[in-house]
Structure formats: structure tokens, C-alpha cells
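Please open the structure in your viewer and keep the sequence panel beside it, since each stop on this tour asks you to select something and look at what is there.

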Amino acid sequence: MAPLLEISNLSVRFHSDKAEVFAVNGLDLSLDTGKAIAIVGESGSGKSTVMMAVMRLLQSNASITGQVKLDGTDVLQLPEKAMRRLRGKEMAMVFQNAGSSMNPTKTIGDQMIEPMLFHHMASARDARQVAVKLLHQVGIPDPEERLNNYPFEFSGGQLQRVMIAMALIADPKLLIADEPTTALDVTVQAEVLILLKKLQRERGMGLVFVTHDLAVAAQVADDIYVMYGGFVMERIAASELTTHLVHPYLRGLVQSIPKIDGPRTELPYIPGQPISITGGLPDGCVFASRCDKRFVKCHERPRHISISQQHSVSCWLAEGGVEQA
Amino acid sequence: MNRAMSLNSVIGNREQLIGARASSWRRMWSRLTKNRKALIGAIMVFLIVFLAVFANWISPYAYQQADFTSLNQGPSLSHILGTDSLGRDLFTRINYGLRSVCIVGFGAEFVELTVGVMVGALAAYKGGWVDNVLMRLVDAVASFPSFLISMILVTMMGRILPVMLLAVAATSWVGMARVVRSQVLRVRQTEYIQAARSMGASSLTIILRYILPNAMGPIVVAVSFGIPANMMAEAGLSLVGLGINPPTPDLGVMISEGQQSIMSYPWQLIGPVGVFIIALLGFTFLGDGLRDMFDTRSRR
């Protein structure tokens, strides 16, 4: 079976007056129906840009090359009008700040039903019925009454639930969640994560979860893509995250997660600053300048080395047999 | 005390809370009516518009009806604002004069709004060279002395109401275009526009249902300040002798005539000027109130 979303050799560059920004550089990714993947990376690693490229919502100064196949059709080749028919219906997006991602001048009821109206799926009245049902599913009490409220009358966590419900209203096959829990408290974050996961399973959707939080990614996703400087550093199954990781960058990330128990020791961190991808890329590995395992070969750009079916890594260390963490 | 009140409203019963959030219009209305100055402004505007619209019914005389037995009179029971040098009732003439003033004031503002919103929204939404060309056009028009342009237009095309209206609107739309452009630019980069696009909204939907409602506040304020400005411009034209052709009454013409006889018959100036002041102040107060109403920073 062909994957729901298959990205091959995707590159995104932004042209500004001064310089060219190499935001995404030859990314491969695939997601099967009913599965969840997470794209993890620091800010500026290009993780959100990938998904914005999939939705074709990037600004006009972006040039995109490669292939993004949704259900077999390359969305990068579609005319804008056809693209608009996909947005909201085939693939929908949940944004980071629900508060500023909702139109403040409209009630959430009017907003929620919009995707259905845009795609002529139902009358306004029927769509409201669906909205009520969905709000109930995401755990908003008194949904019928709440439909008449404005976004500012909700709390942050509630609004994120509303946003999720709104993304689901047209029953998309692919849901993209761009850091949906980053702006929330830890407790609320857990609730929203569980909700997202539950909805994804029930509906058999594909879910792409973009986050900077490895722990969150491990909770939600089946597969994890770790990005750095616009490259995928390592692709690994969530279940193997703590045992089989190879790339020094990912190791650094895992080690720098603070632990609540155990003796209080100095927290390990990755030295240096995230690489600047403005202007140009280094010839070799983008992580080399911060890597403590750097050796001669790192002057060459590492290729993707497959370790198992679900596990690949772009690091020369993996070439001569895998050194276990 | 303030604190106690806010606490009270928080724990107030459910019906009250729901009632309070019933509609944003009602909430805006209550904010407007709480603002004393805006309320007075609204009443003044209402009075002026009422006089203008119902001039036929309210006025005790016909506006061209001269009474040569009562020239240059002061206020009396039969002529409450006195008469002019031809014995015509000033109150009547003011009512009809208000009619032309309102037609020019509102009409020019309507033209201004239509053109300004189209140009401003298009420039901001399209950006790039479209924006550049349109805004340079706006700059060019704005750099002309507007009164001169209006004078030229009226001289060329005749002293009739539609021409006055266009002459006033011809230059004032640029301010509106700038306001609209800046508002659209502000709203356009908000996240909810991005979210709307991710749901499959078309450009037209985004402009009509997302950008314009959110850009409305400053535009409404600009309109409420634009109307008195148009009235002033029209009166200014009349004052220099380029007003509407007599015998159609015109406030500006009446003021300029009254000003010539200010020493001997002051009432001929006081009446028209007083009413004109009410009109201008009314709109300005209302505009101030609307600005407070839409200003999110001054909420609470």
C-alpha cells in the first residue's frame, strides 16, 4: 500500500534581499494511513517549514523543489485552486497559538463550520450539528451554548481543543499539528496530547506532529524524524528512542532532558549554537562544528545510512557498524 | 469600590453573564452609551440628520419664499432664527442647507470609503508592484492642494450638488486608502489568516470575512472624522463663492452672506454658524467615542 504522505528530496529555500536561507535540504519522509510521526528539532531546524510546504502555505519568496505526494498526487504540482480543495478537507492543520489563530471577530461556531462550508459539504445548520458533536468529543462542556462564544471567552487549553475540533470537522485524512501543546501548561499539555492521539486512532488519520520536545514526540508518534539545519539527522521508531539511537546530536538531545529523580548532577548540553542556515551550507555534516565525535570524514556530507527498516541515520559513525548507546 | 464591582460581576448569576456576552454589538453599544461625550455627539448628529431629512415637514416656510414686509429680522415667534435680507425664514433655509451639507458630507464619504477601501485593500493584499503603483498614486493625489483641486473641478463642471460631492471626494479618498492599507497589512500577517488559508478559504473569503471585519475599527473612526471634514470642505467652497447655485440654500453661502452683515444683523451669521458647529462637533465627538470603543488597549 502506498503511504498517505510521501515526501522525497524536498528542499525549501527562502530568498530575501540579503541572502538565501536553506531551510530544508533534501528531506525524505513517509507516513502511512493511521500512523503518527513526529518531526523533532530546535527552532530554526526547518521542522515547521516542511509542513507548511506540504500545505503550500509558504510565503511567495520560498522556492520549493522535490516531491510531496498525498495519496499519490504530487501537491507541489497542483494549481492553487485544486490545492485549496485539499486544504481543510484532505489535510488540516492545528497551530501553536490557538488564541491568535482564531478570528477574534467571529464566534467559534461560525468559525468551526467554515471548512465544511468552504468545501460545500453541508448546510450551515447541519455543520453546526457536526460542530456540537465534535466539541463534545474534544471535551468542551455545553457545546451548543459555547458555539456562540468568541475565542477570547475560552481558556488556552480549551481553545486548543476547539482548534483541534475545527481541524477535524471536514474529516481530513492527514492532520498536521504544529507544536500544538507548546503554549500550554504541562498538565493541560498531557490532556491535549492524549486527546489528539485518541482522535487519530479512532479516525484512522495520519498525524504529523511537529514539536521541539522529544518526550512529547515519543508519547505521540510511531516514528520520529530528528531535524537539524534543514536535514533529517536520524529517523527512528519511538520505541527505540532510548535504546538504539546513533546520531551524536540525538544523543545530546536525549541526555539534555532534565531528570526529576536521581542525584542532582550538572545537566549535559550540546555546546555551541544551532547552525545558521542563512547564506550557505557547510560542505560536510551540518552538525560537525558542535559534534564531540567529529573525525576526518565529517568534511564530507554524510549520506543516509539504513540500519533497519524503520531506522536510518545520516552520520558517518553508523557506517562501520552501529555503536550502541 | 471598583474591585468590589468587578468581583460582583464575576460571581454574578449565570443569566447575567450570558446576557452580557449575548452580542458584541450590544457590548459595543453599552460602551458607547457610557461615554458621555460620544452620547452627546450621537444626539447632535441625530438632530442634524433629522432636520436635514425632514426639512419639508419641519420648516414653517418654503425656502425660496420671500417676505418683503419682514427683512433682516431677529428671532421672533414667526421666524425663530430671524430672516435674511430678502425676508426669507432662516430656520427654513438652514434646514434645507443642512440637507446639501449632509448629502455632500455623507455622499463624499461614501465615495471616499468605496474607493479608499478598494485601493487600500488591493494594495495591501497584493503587495509588490501593485502596492507600489497604487500608493505612489495616492502620494501624488495627496501632494496636490486639495482645496485647489476641488475649486478647479467645481469651476469646470458646474456648481451643482453631484459635482460638489465628487469635488470633495476627489482628494479625500487618499487618507482612507492609507488607513485601510495599514489595517489590512496589520491583519494580514496575523496567524488566523494563515489558519483560514489552511482550512481552504479563498482570497475573497479571507478579505471579506477575515480581514475587513478585523480592520473595521479604525476605518469606522476615519469615516466619522471624514464626514465633518467633507462638510467643512463644502462650506469652504461656498465661502469663496463656489457653492451650490442659488436659490438652493447652502450653509456655506449663508455663512458668507451673514459674515458681510455681521455688524448690522448678527443673527444672519449666528444661526447658520451655530447649526454648523453643532454638526461638526457632533461628528467629532462621536468619532472620538467610536475610537475609544474600538481601541482594545483601553478596554476595561
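Which pattern does chain B follow when it is read along the sequence? Select chain B and trace it from its start: the pattern is α-α-α-α-α-α-α-α-α-α-α-α-α, and the secondary structure comes to 13 helices and 0 strands. Keep in mind throughout that this is a predicted model. With chain B still selected, colour it by burial, and you will find that buried residues make up 43% of its 300 residues. If you turn to contacts within chain B that have a separation of 6 or more, residues 24 or more positions apart account for 69% of them.

Next, select chain A and colour it by confidence. Chain A averages a pLDDT of 86, and 98% of its residues score at least 70. Among the elements of chain A, strand β8 (residues 206-211) has the highest mean pLDDT, 92, while strand β11 (residues 305-308) has the lowest, 84.

Now show both chains together and look at where they meet. On this boundary, 21 residues of chain B are in contact with 29 residues of chain A, and the area buried between the two chains is about 2,100 Å², of which carbon and sulfur atoms give 50%. Between chain B and chain A there are 9 residue pairs in polar contact, with both residues at pLDDT 80 or more. To see which parts of chain B are involved, select α2 (14-20), α3 (24-34), α10 (191-198) and α11 (203-239), each of which supplies at least two residues of the side that touches chain A. The largest share of that side, 7 residues, comes from α10(B). Sorted by class, the side of chain B that touches chain A has 8 nonpolar, 7 polar and 6 charged residues.

How many salt bridges are counted between chain B and chain A? The count is 1, and to find it you should select R209(B) and E114(A), whose closest N and O atoms are 3.2 Å apart. Stay on E114(A) and add K106(A) to the selection, because side chains of opposite charge can pair when their charged atoms come close. The side chains of E114(A) and K106(A) also meet in a salt bridge, at 2.3 Å from N to O, and both E114(A) and K106(A) are buried.

Move on within chain A to D110(A) and R128(A), whose side chains meet in a salt bridge of 3.5 Å, N to O. This pair links distant parts of the chain, with D110(A) in helix α3 (residues 108-112) and R128(A) in helix α5 (residues 124-137), 18 residues apart. D110(A) counts as partly exposed because its relative accessibility is 32%, and R128(A), with a relative accessible area of 25%, is partly exposed as well.

Return to chain B and select R178(B) with D139(B), where the side chains meet in a salt bridge of 2.7 Å, N to O. R178(B) lies in helix α9 (residues 161-188) and D139(B) in helix α7 (residues 128-143), so the pair ties together parts that are 39 residues apart in sequence. R178(B) is partly exposed at 38% relative accessibility, and D139(B) is partly exposed at 29%.

For the last stop, select R56(A), E80(A) and R87(A), which are joined into one network by salt bridges that share partners. Over all chains, a search of the whole structure finds 16 salt bridges.

How values were computed
Residues are numbered from 1 along each chain as its sequence is written. Chains are lettered from A and ligands numbered from 1 in the order in which they are written. Side-chain values use heavy atoms; hydrogens and water are left out. Contact means heavy atoms within 4.5 Å. Buried area is the accessible area (1.4 Å probe) that two parts lose on being put together, summed over both. A salt bridge is a side-chain nitrogen of Lys or Arg within 4 Å of a carboxyl oxygen of Asp or Glu. A polar contact is a pair of N or O atoms within 3.5 Å; within protein, one must be able to donate a hydrogen and the other to accept it, and residues adjacent in sequence count only if both atoms are side-chain atoms. Helices (H or I, at least four residues) and strands (E, at least two) are DSSP runs, numbered from the N terminus. Ala, Val, Leu, Ile, Met, Phe, Trp, Tyr, Cys and Pro count as nonpolar, Asp, Glu, Lys and Arg as charged, and the others, Gly among them, as polar. pLDDT is the predictor's confidence in each residue, from 0 to 100. Buried means under 20% relative accessible area, exposed over 50%, partly exposed in between (1.4 Å probe, protein chains only).
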